[in-house]
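Colleague: I should like to learn how to read the features of a protein model. May we go through them in turn?

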Amino acid sequence: MKSVSMKLSITGANNFKSLLFMLALGCCGGLQAQGADQWRIIHAGMLLTDARQPAQPEQSIIVRNNEIVEVRKGFITPGEVTGGAEATVIDLSSRFVLPGLIDSHTHILSQQEPNRREIAVTRSTEFSTLVGLEYGMRTLRAGFTTIRNVGGSRNAIFALRDAIDQGIVMGPRIKASGQSITPTGGHGDGGGYRDDVFSEPHSGVCDGVAECRKAVRTQIKYGADHIKYVATGGVLSLTATGTEQQFTDEEQIALVEAAHAMGRKVAAHAHGKTGIMSALLAGVDSIEHGSYLDEEVADLFVATGAYLVPTLIAGHTVERIASEQPGFFIPAVRQKAFQVGSVMRNAVQIAYQKGVKIAYGTDAGVNDHGTNAYEAILMHEAGMSARDILIAATINAADLMGLTDIIGTIEVGKDADIIAVAVNPLEELDTLLYPQFVMARGNIVNLDVPRPDLFPWPN
């Protein structure tokens, strides 16, 4: 496992903002300059504008600044569309071009480290933001132009999201929940630190209906795009509390009602069957993980219309770490890693066969950032077709995040989130592991960056 190691001296908000800007320019090749319109014409050898439709040969995508303004047959020249303005032609005539991928479940501010209990009480919010900038760029270079972050340091993730949105730094588009909402001692709670040691305010801890409503409203007050709560215990909880229901039914209903009343969708972390079903009955928009899903649970998914975000790579990763590095996890976590990691694939098989809506998500941060595309390989091994995997990573993920109007397909009026791979991923899915070109909101991402050793990458 690789982790980020940085030593930074930050003296004030202005220096911090300048440092972010310099880091972005250094790792990304720069953002679009202000001023005259920038025109780009992408010549796509094969173009998949919509994962539900057939790919088309020899197409041109015309991009003005961050927006797709036209898709046309054939390889056109700048003079045909720009009215005399200068345009850059991007030659992807030997590549397969498709929409930028979307990861619906990430934790972009951190990554698996054996000393994570120490990190929780020593790492500053500012440092976490900078770590998130690096991990965000690894994710972007992997072809994922949008992510949904479902839990992390509130101030750090909102700062990173906003800096990307405002063009101060480059990174994947981020929709963030802020802190995960958890019962006292639950999966998202601090993990048994002394109060005087763990001083970061955790407004996501709540018990009882009134507190749960307030916890939701507090996250929204500080900028949450959606709400994430833990319906069950989790694998990486630092206590042996199992993987079944933790919030009561009444608390979950209060959480969901409060979020929906304020226009926010709700993601529920849930492994065990009763916990999944209670969250679905409470009205959540998605279940994250869904490890012990069976046919009865799948039928309830279909009835409610909720999405499943499987995160197979997370189960694969923790099971592999527990097997190959016996001392990495504490005993309680290691035992859960073996139990849960082995059942997740079966849950996806059942869900897929029963017609459950599936959105692509990895739990990146459990697995290394930049390995996001490996989820597609595991989904395929679980029985999903390549086309349905691409639909999950574009159409469905955009729908889950409420972003269908700007991402998920290559269409006029949408953001220019575009990637290219060597060959047709509908025929050779593993080509997604090695993107050849990435454009995020009209900005070309520099892929000529030394790639860290990634786990669990195929040998």
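Colleague: What share of the 459 residues of the protein chain counts as buried?

Modeller: This is a predicted model, and in it 55% of the 459 residues of the protein chain count as buried. A residue is called buried if its relative accessible area is under 20%. The chain exposes about 18,100 Å², of which carbon and sulfur atoms supply 48%.

Colleague: How many helices and strands does the protein chain have?

Modeller: There are 13 helices and 15 strands. Contacts in the chain can also be sorted by separation in sequence: among those between residues at least 6 apart, 72% join residues at least 24 apart.

Colleague: How should I read a sheet, and what is the strand order of the open sheet of seven strands?

Modeller: One reads a sheet from one edge strand to the other. Here the order is E3-E2-E1-E4-E13-E14-E15, and the pairing is mixed. The edges are strand E3 (67-73) and strand E15 (443-444), each of which pairs on one side only.

Colleague: In which sense do E1 and E4 pair, and in which sense do E4 and E13 pair?

Modeller: Strand E1 (residues 39-47) runs parallel to strand E4 (residues 87-99), with eight bridges between them. Within this pair, Arg-40 stands opposite Thr-88 of E4, and His-43 has Asp-91 of E4 as its bridge partner. On the other hand, E4 and strand E13 (residues 418-421) are antiparallel, over four bridges. There, Leu-98 has Ile-419 in E13 as its bridge partner.

Colleague: How does one read a helix, and how does the span of helix H6 agree with what is expected?

Modeller: An α-helix has 3.6 residues a turn, so residues three or four places apart point the same way. For helix H6 (residues 249-261), 13 residues at 1.5 Å a residue should span 18 Å, and the end C-alpha atoms are indeed 18 Å apart.

Colleague: Which residues of H6 are buried, and against which elements do they pack?

Modeller: The buried residues are Glu-251, Gln-252, Ala-254, Leu-255, Val-256, Ala-258 and Ala-259. They pack against helix H5 (209-221), strand E8 (227-230), strand E9 (266-270) and helix H7 (273-282). Just after H6, Gly-263 has a positive phi of about 75°.

Colleague: Let us turn to single residues. Where is His-289 placed, and is His-289 buried or exposed?

Modeller: His-289 belongs to strand E10 (residues 286-289). Its relative accessibility is 6%, so His-289 counts as buried. Ser-286 is in strand E10 as well, and Ser-286 counts as buried because its relative accessibility is 0%. Leaving out residues up to four places away in sequence, Ser-286 touches Arg-148, Val-266, Ala-267, Ala-268, Tyr-307, Val-309 and Leu-400.

Colleague: With which side chains does the side chain of His-289 make polar contacts?

Modeller: The side chain of His-289 makes a polar contact of 3.3 Å with the side chain of His-269, and another of 2.7 Å with the side chain of Thr-311. Beyond its neighbours within four places in sequence, His-289 is in contact with residues including His-105, His-271, Met-344 and Asp-363.

Colleague: Two of these residues have been named as partners of His-289. What is the phi of Thr-311, and what is the phi of Asp-363?

Modeller: Thr-311 has a phi near 55°, a positive value in a residue other than glycine. Thr-311 lies in the loop between strand E11 (307-309) and helix H9 (312-324), and it is buried, at 0% relative accessibility. Asp-363 likewise has a positive phi, near 75°, and is not a glycine. Asp-363 is in the loop between strand E12 (357-358) and helix H12 (374-381), and at 8% relative accessibility Asp-363 counts as buried.

Colleague: Finally, how should cysteines be read? Why is there no bond between the sulfur atoms of Cys-212 and Cys-206?

Modeller: A disulfide requires two cysteine sulfur atoms within 2.5 Å. The sulfur of Cys-212 has its closest cysteine sulfur in Cys-206 at 3.2 Å, so the two are too far apart for a bond. By this rule, the count of disulfides is zero. Both cysteines are nevertheless buried: Cys-206 has a relative accessible area of 1%, and Cys-212 has a relative accessibility of 0%.

Key
Residues numbered from 1 in each chain as written. Predicted model: local features only at pLDDT ≥ 70, side-chain atom pairs only at ≥ 80, totals over all residues. Heavy atoms only, no water. Pairing = 2+ DSSP bridges. Helix = DSSP H or I, 4+ residues; strand = E, 2+ residues; numbered from the N terminus. Buried < 20%, exposed > 50% of the residue type's maximum accessible area, 1.4 Å probe, protein only. Polar contact = N/O pair within 3.5 Å; in protein donor to acceptor, adjacent residues only side chain to side chain. Contact = heavy atoms within 4.5 Å. Areas by Shrake-Rupley, 256 points an atom, 1.4 Å probe, with all protein chains shown as cover. Expected span 1.5 Å × (residues − 1).
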